[in-house]
Amino acid sequence: MDSYVIQMNGNGDHSSVLDVHVNLNGRNTVLGKMKGRKARWAVRASEMSKKTFNPIRAIVDTMKVEPNPNKTMISLSIGDPTVFGNLPTDSEVTQAMKDALDSGKYNGYAPSIGYLSSREEIASYYHCPEAPLEAKDVILTSGCSQAIELALTVLANPGQNILIPRPGFSLYKTLAESMGIDVKFYNLLPEKSWEIDLKHLESLIDEKTACLIVNNPSNPCGSVFSKSHLQKILSVAARQCVPILADEIYGDMVFSDCKYEPLATLSTNVPILSCGGLAKRWLVPGWRLGWILIHDRRDIFGNEIRDGLVKLTQRILGPCTIVQGALKSIMRRTPQEFYHNTLSFLKSNADLCYEALAAIPGLQPIQPSGAMYLMVGIEMEHFPEFENDVEFIERLIEEQSVICLPGKCFEYPNFFRVVITVPEVMMVEACNRIQEFCEKHYQSVDGIQEECDK
């Protein structure tokens, strides 16, 4: 077998040796820099995968407890309103999907940012004089989670930081840290219905702050910010020149005694990427259709952020085309009665749960105003046998077969989160079991002191 190496007169721009692949007698010969390499398997997970960490999974998966076999399991932990079958989507929504599928028009690839007609529909649905929208301001995504991921990716570089709420949705930290973006937690104040501690928020901002995440209505708190509080948040962002990523997936899911204010309607000078989707309001989280609404009336984002979002969508070519095809009918034909009934149920369950848990010594629930959750404080000094909220929840599962997520999942110890989408009879039973559990383990301060004095 013959092989050749051709010597070149290099000028500094090229290697002086030209690697040549020669096929003689049907055999390949690789010359040059491959020579001398000892082949071996060395497959390793990427650094990004190693940095990806979901705190909820990490905490729940390490809770090695078995539920009480004599009691049916009641899960108040999963933020999926479809789990128990008591909150189906509207028949018009499912019919829209059937029609889109039967039409045969949506079996191919769509533009990576979504069909123009679908983006026009979203723009029309959310357009208002205070926050005008056109199709060019809408990016369709694979669920709200991908909307958040794209927004973070376009706004922040490795080594920069983002500001996220505490307690807050764990995905923000999971996504950021996997991309080498630092996170700083700003505090929410339970005594003020989970309003942001604005002084603390502003103290965290520095030259490396890429964006502020505002989640309203809130997961895990079920809180809804007032117009005046939102204006104060915007004032901080404007003063510090920090763009906002608004996670508004629970937008419009507020109870009758409260009003939801889209953040972009209250500001003309702070650029905002608003993330939303079909998942929660239309009760179809598995359909995976979300969106980013670009609000940039001062042209601060300019073409760079818009072009960046388009490029990022080209990595996976957008959400399911059939859902996009159904979007127009979903938006236009879903009756108001459907939204009203969903919120009425959630409000009723929230009130039931809050009142029941507020009557239990040692617990301090915070009244929710929207979304699908409420947070419950644990007065740990009255439960001295438990070291923390995780142990409290482990024993609750073990003794009462009731699962809630401990506050540690949301960077907020000594609390737990309750999901209020379960059927009413299950909510009543769960609250009764929590009461029984707390009554068994509760100790008054005097009782604890007596134990210590023995």
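Two strands count as paired if DSSP finds at least two bridges between them. In this predicted model, strand 10 and strand 11 meet that condition, with four bridges joining them in the parallel sense. Within this pair, V214 stands opposite A246 in strand 11. Strands of a sheet pair through backbone hydrogen bonds, either parallel or antiparallel.

The overall picture helps to place these two strands. The chain holds 14 helices and 18 strands, and its C-alpha atoms fill a box of roughly 90 × 60 × 50 Å along the principal axes. Of its 454 residues, 51% count as buried. Among contacts with a separation of 6 or more, 73% come from residues 24 or more positions apart.

Strands 10 and 11 belong to an open sheet of eight strands, whose order is 6-13-12-11-10-7-8-9 and whose pairing is mixed. Strand 6 (138–141) and strand 9 (195–196) stand at the edges with a single partner strand each, so one side of each is left without a neighbour in the sheet. At one of these edges, strand 6 runs antiparallel to strand 13 (residues 290–295), and four bridges connect the two. Here I139 stands opposite I292 in strand 13. Helix 5 (residues 143–155) packs on the sheet and touches strand 6, strand 7 (161–166), strand 10 (209–215), strand 11 (244–247), strand 12 (272–277) and strand 13. The direction of helix 5 makes about 160° with that of strand 12.

In a regular strand the side chains alternate between the two faces of the sheet. Strand 11 is a helpful place to look at the two faces, since both are covered: I244 and A246 are buried on one side, and L245 and D247 are buried on the other. Strand 13 offers another buried residue, L293. With a relative accessibility of 4%, L293 falls under the 20% cut-off and therefore counts as buried. Apart from neighbours within four places in sequence, L293 is in contact with I122, Y126, L133, D137, V138, I272, L273 and S274. For F169, 124 residues away from L293 along the chain, the C-alpha separation from L293 is 20 Å.

The aromatic side chains come next. A pair of aromatic rings is described by the distance of the centres and the angle of the planes. A search of the whole structure gives 17 aromatic pairs. In one of them, the ring centres of W282 and Y339 are 5.9 Å apart and the planes make 85°, so this pair is edge-to-face. Because W282 lies in the loop between strand 12 and strand 13, while Y339 belongs to helix 11 (residues 336–358), the pair ties together parts that are 57 residues apart in sequence. Both W282 and Y339 are buried. F383 and F392 also form an edge-to-face pair, with 5.4 Å from centre to centre and 80° between the planes. These two phenylalanines, F383 and F392, are buried as well.

W282 and Y339 also take part in a cluster, in which ring pairs link them with Y125, Y126, W291 and F338. A charged residue joins the picture here: the charged end of R281 sits over the ring of W282, 5.5 Å from the centre of that ring. R281 also lies over the face of Y339, at 3.7 Å from the ring centre.

A second open sheet is made of four strands in the order 14-15-18-17, with antiparallel pairing. Strand 14 (363–365) and strand 17 (405–406) are its edge strands, and each pairs on one side only. Strand 17 is joined to strand 18 (residues 415–419) by two bridges, and the two run antiparallel. Across this pair, P406 stands opposite F416 in strand 18.

The cysteines complete the survey. The whole structure contains zero disulfides. C144 is in no disulfide, and its nearest cysteine sulfur, in C275, is 5.4 Å away. C144 counts as buried, at 10% relative accessibility. For C404, the closest cysteine sulfur is that of C353, and the distance of 8.1 Å is too far for a bond. C404 counts as buried too, at 1% relative accessibility.

Technical notes: Residues are numbered from 1 along each chain as its sequence is written. This is a predicted model: local features need pLDDT of at least 70, side-chain atom pairs count only at pLDDT 80 or more; totals for chains, interfaces and linings use all residues. Side-chain values use heavy atoms; hydrogens and water are left out. Contact means heavy atoms within 4.5 Å. Axes are lines fitted to C-alpha atoms, for helices over the stretch in contact, and angles run from 0 to 180 degrees between N-to-C directions. Rings of Phe, Tyr and Trp (its six-membered ring) pair if their centres lie within 6.5 Å; planes under 30 degrees apart count as stacked, over 60 as edge-to-face and the rest as tilted. Buried means under 20% relative accessible area, exposed over 50%, partly exposed in between (1.4 Å probe, protein chains only). A charge sits over a ring if NZ of Lys or CZ of Arg is within 6 Å of the ring centre and within 35 degrees of the ring normal. A disulfide is a pair of cysteine sulfur atoms within 2.5 Å.
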